[in-house]
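Work through the exercises below with the sequence and the structure open beside you. Each task is followed by a solution that goes step by step.

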Amino acid sequence: MEYKMPATKQQNSIPALSKSISVLKAIAGGMQNYSIAELAREVGVAHTTCYRIVQTLVDADWLRPRTGGVGYELSYGLLPMVEPFLNHRVLIDTISPVVEQLVQKTGLSAKLSVRQGDDAVTVYRVESPQPMSLSGRVGVRFSLAYGSSGACLLSALTDTRIERILSEVSDDTWKRQKPSDVRQRVASAREQRYCTDLGCFHPQVHTISSPLYDEHGKMLAALTILGLPEDMNAKALDDRRKALLKAATQCNQLIKRDELTVELK
């Protein structure tokens, strides 16, 4: 069974920006030795437009002329943008054996979510081995007001900021839940190191999440197991919770051992 996250704010694409992205992707994808004319032809933009795009990206230090040859290559100005993803990769590599064991033990899918601004973003998933299970994808972004993972990530913020986030979400956020439900999940994450969402996000999506911390006690991510309602019934819920908390403890130990820190904005 596949489920869809709620839609985020949509904007019409900007043609000039789309062309710039195409040029940047082309160079990153192997067209480093192409001239402006060749690059324009391959990407399908006018020569003058391509020239202006490249020069703008050079001025921003996203691109630089290749030394001793024709063409352009990625430059160091992009590093601040990709550094968080590199840090997430280190975090994933550190805890992935534990998460994989958790999935095998529970038979449920698991995911790792991080905070980016006022949203939660899935950066890692391990799918359930069961034939009937929830599936999803990496890169999904949704408001922190949704789900147990969102509440875990919210729990690291001040109450003032939490209230600001809750006041700015769309009306659709409150179709199956109330702000008090979110606050209750946040309180559980703070006090008990876990929280649950048994159908508030979607009737068929039941989740339990636990926060992961660095050696200084700063929250890095939320570890979540996801199941169908029958996977999280009253009889099974306590076992699921204990398995998740045990895995989160192991992950936190590995994170502290490797002194991992992920900078979140």
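**Exercise 1: a salt bridge inside a helix**

Describe the salt bridge between the side chains of Arg89 and Asp93, and say where the two residues lie.

Solution. The side chains of Arg89 and Asp93 meet in a salt bridge, with 3.0 Å from N to O; the term stands for a side-chain nitrogen of Lys or Arg within 4 Å of a carboxyl oxygen of Asp or Glu. The model is a predicted one, in which local features need pLDDT of at least 70 and side-chain atom pairs count only at pLDDT 80 or more, while totals for chains, interfaces and linings use all residues. Residues are numbered from 1 along each chain as its sequence is written, and side-chain values use heavy atoms, with hydrogens and water left out.

The next step is position: Arg89 and Asp93 are separated by about one helical turn, because they are four residues apart in helix 4 (residues 79-106). Helices (H or I, at least four residues) and strands (E, at least two) are DSSP runs, numbered from the N terminus. The last step is exposure, where buried means under 20% relative accessible area, exposed over 50%, and partly exposed in between (1.4 Å probe, protein chains only). Arg89 is partly exposed at 44% relative accessibility, and Asp93 is partly exposed at 47%.

**Exercise 2: salt bridges between distant parts**

Find which parts of the chain are tied together by the salt bridge of Arg161 and Asp118, and then examine the pair Arg190 and Asp159.

Solution. In the salt bridge of Arg161 with Asp118, the closest N and O atoms are 3.7 Å apart. Arg161 lies in helix 6 (residues 159-168) and Asp118 in the loop between strand 3 (109-116) and strand 4 (119-126), so the pair ties together parts that are 43 residues apart in sequence. Arg161 is partly exposed, with a relative accessible area of 30%, and Asp118 is partly exposed at 25%. Both residues also belong to a network of salt bridges that links Asp118, Arg161, Arg164 and Glu168.

For the second pair, the side chains of Arg190 and Asp159 meet in a salt bridge at 2.9 Å, N to O. This pair, too, links distant parts of the chain, with Arg190 in helix 7 (residues 179-192) and Asp159 in helix 6, 31 residues apart. Arg190 is partly exposed, with a relative accessible area of 37%. The structure as a whole holds 13 salt bridges.

**Exercise 3: aromatic rings**

How many aromatic pairs does a search of the whole structure find?

Solution. The search finds one aromatic pair. Tyr146 and Phe201 form this pair, which is edge-to-face, at 5.7 Å centre to centre and 85° between the planes. Rings of Phe, Tyr and Trp (its six-membered ring) pair if their centres lie within 6.5 Å, and planes under 30 degrees apart count as stacked, over 60 as edge-to-face and the rest as tilted. The pair links distant parts of the chain, since Tyr146 is in the loop between strand 5 (141-143) and helix 5 (147-154) and Phe201 is in strand 6 (residues 195-202), 55 residues apart. Both Tyr146 and Phe201 are buried.

**Exercise 4: cysteines**

How many disulfides does a search of the whole structure find?

Solution. The search finds zero disulfides, a disulfide being a pair of cysteine sulfur atoms within 2.5 Å. For Cys251, the closest cysteine sulfur is in Cys152, 13 Å from its own sulfur and therefore too far for a bond. Cys251 is buried, with a relative accessible area of 0%.
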